[in-house]
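Me: Got a structure I'd like to go through with you. Can we take it piece by piece?

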Amino acid sequence: MQIGVALPTGVPGADGSRLIEFARRADRLGFHSLTVTDRVVYDSYDSIVSLAAAAGATERIELVTAILLAATRPSNVELAKQLASLDRLSGGRLVVGVSSGMREDDYAATGTDFHSRGRRLDEALVELQEIWAGKGPVPGVGPRPVNGTIPIWGGGHSPAGLRRAARHGIGWISPGGPPHKFSELVANFRTLWDEEGRTGTPRMGANCYVALGPNGAEEAKKHMLSYYAFMGQMAEHLAKGAITEPEQLRQVVDIYEANGCDEIFLLSVTDDPDHLDRIADVVLK
């Protein structure tokens, strides 16, 4: 199983220079991927801009949006151009994970409709691929992605999100949950994959919050109660699910691997680059 880490762009007040060092260190330590989450109405960095900065600071690490709220972007043409530009700037290292999201205010802020977001995301995924292939609604939009297209990875727990991932994606990224139940999610998704007439084996990913160190539990609670405040009491439950001990992290990674996960994304609750060293000591050595 491959190990990725999230660039902590969603940590309020995160320092730009620390984020750049975070990306450099993730690349140097040997993590397979560097991911970003996506929010509009929050003290967070823009996902695409952040990965563009990371592309310039790194050499080999895969860059993943996990997850991009593509339907909050008013123009599919502009989004296609931005993503293709990022792909070329990174030498073809981009993978685009997408989901429809749960927060109505993110859509209101960008002037896009919340209630039609699933349908519009389906349409966007088709249009993005057409634009990257040079067959979009507006001739001449470039650049072309390095490998002709950009892999799409689906996310979200809803039936529509799972079906979308099976239809358009290389696989599915779980937002989280008990690692020992991941095998059930794999089996269910492979059924959808087969129903969509897909061949080969879907790539299965999972997100997991990590906060190692002497103040890990406190940092996890502070960050997650803020980031998931819109979920009410569920935020408390999510905060308790963060991994705060090295032994626990090693166990969770092993369980995910045994249950069919191809790549786990470890989300840091701090922008401190030294946190990466603590994580790497557990999962990469």
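Reply: Sure. One term before we start: helices (H or I, at least four residues) and strands (E, at least two) are DSSP runs, numbered from the N terminus. Also, this is a predicted model.

Me: Good. Where is Asp-46, then?

Reply: Asp-46 sits in the loop between S2 and H2.

Me: Buried, exposed or partly exposed?

Reply: Asp-46 is partly exposed, with a relative accessible area of 34%.

Me: What does the side chain of Asp-46 reach?

Reply: The backbone nitrogen of Ile-48, at 3.1 Å. A side-chain oxygen makes that approach, and Asp-46 thereby caps the N-terminal end of H2.

Me: How far is Asp-46 from Val-36 in space?

Reply: 9.0 Å, C-alpha to C-alpha. In sequence, Asp-46 and Val-36 are 10 residues apart.

Me: On to H2. Which residues are buried there?

Reply: H2 covers residues 47–57. Its buried residues are Ser-47, Ile-48, Ser-50, Leu-51, Ala-54, Ala-55 and Ala-57.

Me: Why do residues three or four places apart in an α-helix point the same way?

Reply: An α-helix has 3.6 residues a turn, so residues at that spacing point the same way.

Me: What do the buried residues of H2 pack against?

Reply: Two helices, H1 (16–29) and H3 (76–89), and three strands, S2 (33–36), S3 (62–68) and S4 (94–98).

Me: Switching topic. How many disulfides?

Reply: The count is 0.

Me: Why is Cys-208 not bonded to Cys-261?

Reply: Too far. Cys-261 holds the closest cysteine sulfur to that of Cys-208, and the gap is 9.8 Å. A disulfide needs the sulfur atoms within 2.5 Å. Going the other way, the closest cysteine sulfur to Cys-261 is in Cys-208, again at 9.8 Å.

Me: Are those cysteines buried or exposed?

Reply: Buried. Cys-208 has a relative accessible area of 9%. For Cys-261 the value is 4%.

Me: Aromatics next. How many pairs are there in the whole structure?

Reply: A search finds 9 aromatic pairs. One of them joins Trp-153 and Phe-265. Their ring centres are 5.6 Å apart with the planes at 80°, so this pair is edge-to-face.

Me: Where do Trp-153 and Phe-265 lie?

Reply: Trp-153 is in strand S5 (residues 152–155), and Phe-265 is in strand S8 (residues 263–268). The pair therefore ties together parts that are 112 residues apart in sequence. Trp-153 and Phe-265 are both buried.

Me: What about Phe-182 and Tyr-256?

Reply: They form an edge-to-face aromatic pair, at 5.3 Å centre to centre and 75° between the planes. Phe-182 belongs to helix H7 (residues 182–195) and Tyr-256 to helix H10 (residues 246–258), so parts 74 residues apart in sequence are tied together. Phe-182 is buried, as is Tyr-256.

Me: Which residues form the aromatic cluster?

Reply: Tyr-42, Tyr-209, Tyr-227, Tyr-228 and Phe-230 make up one cluster. Arg-39 lies over the face of Tyr-42, at 4.6 Å from the ring centre. Arg-39 also lies over the face of Tyr-227, at 4.5 Å from the ring centre.

Me: Now the interior. How many residues has the largest nonpolar core?

Reply: It has 66. Phe-31, Leu-34, Leu-83, Leu-249, Leu-266 and Val-283 have the most contacts inside it.

Me: Take Phe-31. What is it in contact with, leaving aside neighbours within four places in sequence?

Reply: The list includes Ile-3, Val-5, Ala-26, Ile-61, Leu-276, Ile-279 and Val-283. Arg-60 is also in contact with Phe-31. Apart from that largest core lies another, of 20 residues, among them Val-95, Ala-239, Leu-267 and Val-269.

Me: And Thr-244, where is that?

Reply: Thr-244 is in the loop between helix H9 (234–240) and H10. Its relative accessible area is 18%, so Thr-244 counts as buried. Beyond its neighbours within four places in sequence, Thr-244 is in contact with Ala-211, Leu-212, Gly-216 and Ala-217.

Me: Last one, backbone. Which peptide bonds are cis?

Reply: The bond from Ala-66 to Ile-67 is one of them, with omega near 20°. Ile-67 is in strand S3. The bond from Gly-142 to Pro-143 is also cis, with omega near 5°. Pro-143 lies in the loop between helix H5 (117–132) and S5. Most peptide bonds are trans.

Key. Residues numbered from 1 in each chain as written. Predicted model: local features only at pLDDT ≥ 70, side-chain atom pairs only at ≥ 80, totals over all residues. Heavy atoms only, no water. Buried < 20%, exposed > 50% of the residue type's maximum accessible area, 1.4 Å probe, protein only. Contact = heavy atoms within 4.5 Å. Polar contact = N/O pair within 3.5 Å; in protein donor to acceptor, adjacent residues only side chain to side chain. Phe/Tyr/Trp six-rings, centres within 6.5 Å; stacked < 30°, edge-to-face > 60°. Lys NZ or Arg CZ within 6 Å of the ring centre and 35° of its normal. Core = buried A, V, L, I, M, F, W, Y, C linked by side-chain atoms within 4.5 Å.
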